[in-house]
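Here are my notes for you to read with the viewer open. Take them one at a time and find each spot as you go.

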Amino acid sequence: MEHDHHHGAPDIPAGTETTKDPVCGMTVAVKPDGRHAEFQGETFHFCSEKCQTKFKADPWFYASGRAAGQKKAVPANVQYTCPMHPEIVRDAPGSCPICGMALEPMVPSDEPSEELTDFTRRMWISAAAAVPLIILTMGELVSLPVRDWIGHRVATYVEFLLATPIVLWAALPFFKRGLASFRNMSPNMWTLISLGVGAAYVYSLFATFLPGVFPMEYRMGEGVGTYFEAAVVIVALIFVGQVLELRARERTGDAIRALLDLAPKTARRILPDGSEYDAPLENVVEGDMLRVRPGDSIPVDAEVVEGRSSVDESMITGEPVPVEKTEGD
């Protein structure tokens, strides 16, 4: 069991009456004004409010010593896998070496997706830059000849200023994944995206600042045509697709978490004297006698020792007809 307090031996004056905390096993001083609780005529003392609260939730479990048989949960390291290639498992976030997709935690988490937050921000910034670029290059098609109004040279510099932060900052995750695909000798869509965006941007740089290196056949009017808008629009559209995909996967994770929340939180424990009470599910240990009443969910894997009933196993087997369970099942 995990606690947020120190479990070392406390500084207890010599001669002070002591006892053990039934929840965590810590030695505590017996004080009239200390944290304590009564159960079946016996007084139990606690080292902290957290232990006292746990005891009150299931006093028989701790007072009877059954807690000693409880297996302590060992916190497992979060592992990450690729949605498309489940054989890829890593101990830290990253990208899949095969397809370049971001690795996701194998156990659904309540934490918001950092990648979705980051990609959403990059998507909106890319879209904001793509709109004026499209107007600059294709405005004359809708009676907005902005390029003619400000001149080809000025328009080209404006395109450069708008496209540069998108290609060098917003599209950086694409280039990283594309580079990884080259290193891993595993071409994928990020290979094509990084090559296409990079080629369009580099070509446009030369066309803007070194137009003289191009043959005369490449010149159109006042200069060489550029593809800044193509690079930015590609980046913006890829981000739209990635954000939609990440949102869909996040909704799937929410559905899985909602399904896990349907599991019962308590189990009906039967005491040796025949009395019953609802115990926290984490306090159920091997050998406990539990009662499952009509309509209840079965809280743990167990063997039927008395009674019979029909159990709906459709969530496990897909069989719509309830299955009869009797002693020994």
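The points below walk through cysteines, a helix pair, some strands and a few single residues.

1. Before anything else, keep in mind that this is a predicted model. Residues are counted from 1 along the chain, so that is how to find the ones I name.

2. Let's begin with the cysteines. A disulfide is a covalent bond between the sulfur atoms of two cysteines. How many disulfides does the count come to? It comes to zero. Have a look at C96 anyway: the closest cysteine sulfur to its own is in C82, 3.6 Å away, and that is too far for a bond, because the cut-off for a disulfide is 2.5 Å. C82 is buried, at 2% relative accessible area, and C96 is buried too, at 4%.

3. Next, a pair of helices. Two packed helices are described by the angle between their axes and the distance between the axes. Helix 3 (residues 114-138) packs with helix 6 (residues 172-183) at about 120 degrees, and the axes are 11 Å apart. Helix 3 is therefore oblique to helix 6. On the helix 3 side the contact is made by E115, F119 and R122, while helix 6 brings P173, F174 and R177. Sorted by type, the residues of this contact are three nonpolar, three charged and no polar.

4. Stay with R177 for a moment. This arginine sits in helix 6. Is R177 buried or exposed? Its relative accessibility is 8%, so R177 counts as buried. Leaving out residues up to four places away in sequence, R177 touches E115 and F119, which are also in the contact list of helix 3. The other residues it touches include S95, G100, M101, A102, W190 and Q242.

5. Now follow the chain past helix 6 to M185, in the loop between helix 6 and helix 7 (189-209). Its phi is near 55 degrees, which is a positive value in a residue that isn't glycine. M185 has a relative accessibility of 71% and counts as exposed.

6. T226 is another loop residue to find, located between strand 9 (223-224) and helix 8 (228-261). This threonine is buried, with 13% relative accessible area. Which residues does T226 contact, once neighbours within four places in sequence are set aside? They are T156, E159, S204, A207 and T208. You can also check V202: its C-alpha atom is 9.7 Å from that of T226, although 24 residues separate the two along the chain.

7. On to strands. Strands of a sheet pair through backbone hydrogen bonds, either parallel or antiparallel. Start with strand 3 (residues 36-39), which has A37 and F39 on its covered face and H36 and E38 on its uncovered face. Strand 3 runs antiparallel to strand 4 (residues 42-45), and four bridges join them. One bridge to look for puts E38 opposite T43 in strand 4. The hairpin of these strands has two residues between them, and there Q40 takes a positive phi near 50 degrees.

8. There is an open sheet of three strands, in the order 6-5-7 and with antiparallel pairing. Strand 6 (89-90) and strand 7 (104-105) are at the edges with a single partner strand each, so one side of each has no neighbour in the sheet. Two bridges link strand 5 (residues 80-81) to strand 6 in the antiparallel sense. To see the pairing, find Y80, whose bridge partner in strand 6 is R90.

9. Another open sheet of three strands has the order 11-10-12, again with antiparallel pairing. Here strand 11 and strand 12 (290-291) are the edge strands, each pairing on one side only. Strand 10 (residues 266-270) and strand 11 (residues 276-280) are joined in the antiparallel sense by five bridges. Trace them from T266, whose bridge partner is P280, to I270, which stands opposite E276. The hairpin of strand 10 and strand 11 has five residues between the strands, and G274 takes a positive phi there, near 95 degrees.

Note on methods: Predicted model: local features only at pLDDT ≥ 70, side-chain atom pairs only at ≥ 80, totals over all residues. Heavy atoms only, no water. Buried < 20%, exposed > 50% of the residue type's maximum accessible area, 1.4 Å probe, protein only. Axes fitted to C-alpha atoms, helices over the stretch in contact; angles between N-to-C directions. Parallel < 35°, antiparallel > 145°, perpendicular 65-115°, else oblique. Contact = heavy atoms within 4.5 Å. Nonpolar A, V, L, I, M, F, W, Y, C, P; charged D, E, K, R; others polar. Pairing = 2+ DSSP bridges.
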